[in-house]
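Biologist: I would like to learn how to read a model like this one. Could you take me through it feature by feature?

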Amino acid sequence: MNCPAMSAAPSPSSCSSSSSCSSYSSFRPLPPLLPQLSNNDSQRSLHYSNLASLSNRLLGKHSLPLRALVSSTPLNISASSVISDDAISPSSVLSGDPKIGVLLLNLGGPETLDDVQPFLFNLFADPDIIRLPPLFQFLQKPLAQFISVARAPKSKEGYASIGGGSPLRHITDAQAEELRKCLVEKNVPAKVYVGMRYWHPFTEEAIEQIKTDGITKLVVLPLYPQFSISTSGSSLRLLERIFREDEYLVNMQHTVIPSWYQREGYIKAMANLIQGELEKFGSPSQVVIFFSAHGVPLAYVEEAGDPYKAEMEECVDLIMEELDKRKITNSYTLAYQSRVGPVEWLKPYTEEAITDLGKKGVENLLAVPISFVSEHIETLEEIDVEYKELALKSGIKNWGRVPALGTEPMFISDLADAVVESLPYVGAMAVSNLEARQSLVPLGSVEELLATYDSQRRELPAPVTMWEWGWTKSAETWNGRAAMLAVLALLVLEVTTGKGFLHQWGILPSL
């Protein structure tokens, strides 16, 4: 595989005097027929300021220079580098014949139709997906069983339409192998492991193999470009529990690359794919670029401090800046897909945004699955089938979709560079350099990152706090809560009496 070298990103000093290097650019103003996207610059600045302050308090004296983090130029591991006394120097990373491992984290997906229901159970049994009040946490698994059984028939239809299962494992395995080859080309002989959150190979299985192989230095790399409590955060919490319970893992040095949406190779790879798809339209300049990201509950962002929305908006900004350099100045917008349940999610919703664009006269639309690096159910069925059908019904005449990155060479090479650049910080912690377009989450250990973003592990607050009568969003939310309480009451009755329809169906064992 070819691992193209990336040119160095602008340094902080070179950007400080140039407006073209500003960390957060505005979304391009759209024509009157398109909705404007709010930048919320003042709120972002406050959030970043608070985060920087929190990071500094967490790190104390163990702050490290960020040259390796800012630049995407491959780092010569054997070369000397000027870093603080407390840090690990690049020359020491490979000393003593360490065994280096890279753990790729992903969601996972059912590989056959028979896997669908147990996969859904694993998903909904995760307290980061459905957070129950402390009093009802003992019902987490019974509730997950109930929901997974209820949703399985519909989900099976979706997976049947894309070939009978998710291609996510196959693609992630291919990404791991190409990353391993690329690291070898960059003189870093590392083993690459795949750990899925909700299906095989589970993270626990990957960790056992890491221990068997005697890995001494581990780089944890979630395959989510942007950090979210519900994706990367959930995987990191699982790792935290595993690490704390295992003496071998406690002593193994590691670091986490929590998000990498701002990296030059990723941005250029995405721009290349968009440019290629635009050229397939009859009038490329008339195409609206439609970024569709996986949604998260609004409360995650507003109440729990999830940086996902801000990282997503900046990611779109950076991609459009790269297209600007190529004289591609199409209108664009960002929306969020895949919401479930009665609570409010990040807006605008993808289906509503598509309908609105059709009403406003947009005829050419290019969908960009911005939060996904592998094809799976949400790209192959939700976007390619459901949203395409909706777009055509809404008056959009020409529809296109940018493929997921998969094993695109520039993307894989950039991930390899990210791993190489992180090696000097294995076992140490670096302060996030916000003005240098660094991640909102500082590079560091599992424990440090969770301390930054979810130290209290508290229950997410309700998105809607006031009662409103009538057919309103608040009323829908309260209806959802009432339904949830009813389900919980039925489950409590079943668990305590051993009788009911779940026992009759064989879902719960008889007492």
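Modeller: We will go from the whole chain to the sheet, then to helices, a buried residue and the backbone.

Biologist: Where does the model come from, and how many helices and strands does the protein have?

Modeller: The model is predicted. The protein has 19 helices and eight strands. Of its 511 residues, 56% are buried. Take contacts between residues at least 6 apart in sequence: 79% of them join residues at least 24 apart.

Biologist: Now a sheet. In what order do the four strands of the open sheet run?

Modeller: The order is E6-E5-E7-E8, and the pairing is parallel. E6 and E8 are the edge strands, each pairing on one side only. Ignoring direction, neighbouring strands are turned by 25° against each other on average.

Biologist: Over how many bridges do E5 and E6 pair?

Modeller: Six bridges, in the parallel sense, between E5 (residues 288–294) and E6. Two positions help you find the register. Ala-293 has Tyr-336 of E6 as its bridge partner. His-294 stands opposite Gln-337 in E6.

Biologist: Are the residues of E6 buried or exposed?

Modeller: All six residues of E6 (residues 332–337) are buried, so the strand is largely enclosed by the rest of the structure. Look at both faces. Tyr-332, Leu-334 and Tyr-336 point one way, while Thr-333, Ala-335 and Gln-337 point the other way. Both sets are buried.

Biologist: Which helix lies across E5 and E6?

Modeller: That is H13, running at about 145° to E6. H11 also packs on the sheet, where it touches E5, E7 and E8. The direction of H11 makes about 155° with that of E7.

Biologist: Stay with H11. What span should its residues give?

Modeller: Use 1.5 Å a residue. The span counts steps between residues, so multiply by one less than the number of residues. For the 15 residues of H11 (residues 264–278), the expected span is 21 Å. The end C-alpha atoms are 21 Å apart, which agrees.

Biologist: How many residues of H11 are buried, and what do they pack against?

Modeller: First the general idea. An α-helix has 3.6 residues a turn, so residues three or four places apart point the same way. Now the case. H11 is mostly covered, with 11 of its 15 residues buried. Among them are Tyr-266, Ile-267, Met-270, Leu-273 and Ile-274. Glu-264 and Glu-277 are also on the buried list. The buried residues of H11 pack against E5, H13 (308–325), E7 (364–369), E8 (398–401) and H16 (409–422).

Biologist: Next, a helix pair. At what angle do H5 and H6 cross?

Modeller: Two numbers do the work. Packed helices are described by the angle between their axes and the distance between the axes. For H5 (residues 116–124) and H6 (residues 140–161), the axes come within 7 Å and cross at roughly 135°. The two helices are therefore oblique to each other. Their crossing is right-handed. On the H5 side, the contact includes Val-116, Phe-119, Leu-120 and Phe-124. On the H6 side, the contact includes Ala-144, Ile-147, Ser-148, Arg-151 and Tyr-159.

Biologist: Now a single residue. Is Leu-105 buried or exposed?

Modeller: Leu-105 is buried, at 0% relative accessible area. The residue sits in strand E1 (residues 100–106). Beyond its neighbours within four places in sequence, Leu-105 is in contact with residues including Gly-195, Val-220, Pro-222, Tyr-224 and Leu-239. Its C-alpha is 7.8 Å from that of Ser-232, 127 residues apart along the chain.

Biologist: Last, the backbone. Which residues does a cis peptide bond join?

Modeller: Most peptide bonds are trans, and most residues other than glycine have a negative phi. One cis bond joins His-200 and Pro-201, with omega about -10°. Pro-201 lies in the loop between E2 (190–196) and H8 (203–212). Another joins Lys-347 and Pro-348, with omega about 0°. Pro-348 is in the loop between E6 and H14 (350–359).

Biologist: Which residues have a positive phi without being glycine?

Modeller: Asn-187 is one, at about 65°. Asn-187 is found in the loop between H7 (168–185) and E2, and counts as exposed at 62% relative accessibility. Lys-327 is another, with phi near 65°. Lys-327 is in the loop between H13 and E6 and is exposed, with a relative accessible area of 74%.

Definitions and conventions: Residues numbered from 1 in each chain as written. Predicted model: local features only at pLDDT ≥ 70, side-chain atom pairs only at ≥ 80, totals over all residues. Heavy atoms only, no water. Buried < 20%, exposed > 50% of the residue type's maximum accessible area, 1.4 Å probe, protein only. Pairing = 2+ DSSP bridges. Contact = heavy atoms within 4.5 Å. Axes fitted to C-alpha atoms, helices over the stretch in contact; angles between N-to-C directions. Parallel < 35°, antiparallel > 145°, perpendicular 65-115°, else oblique. Left-handed = near helix turned anticlockwise from the far one by under 90°.
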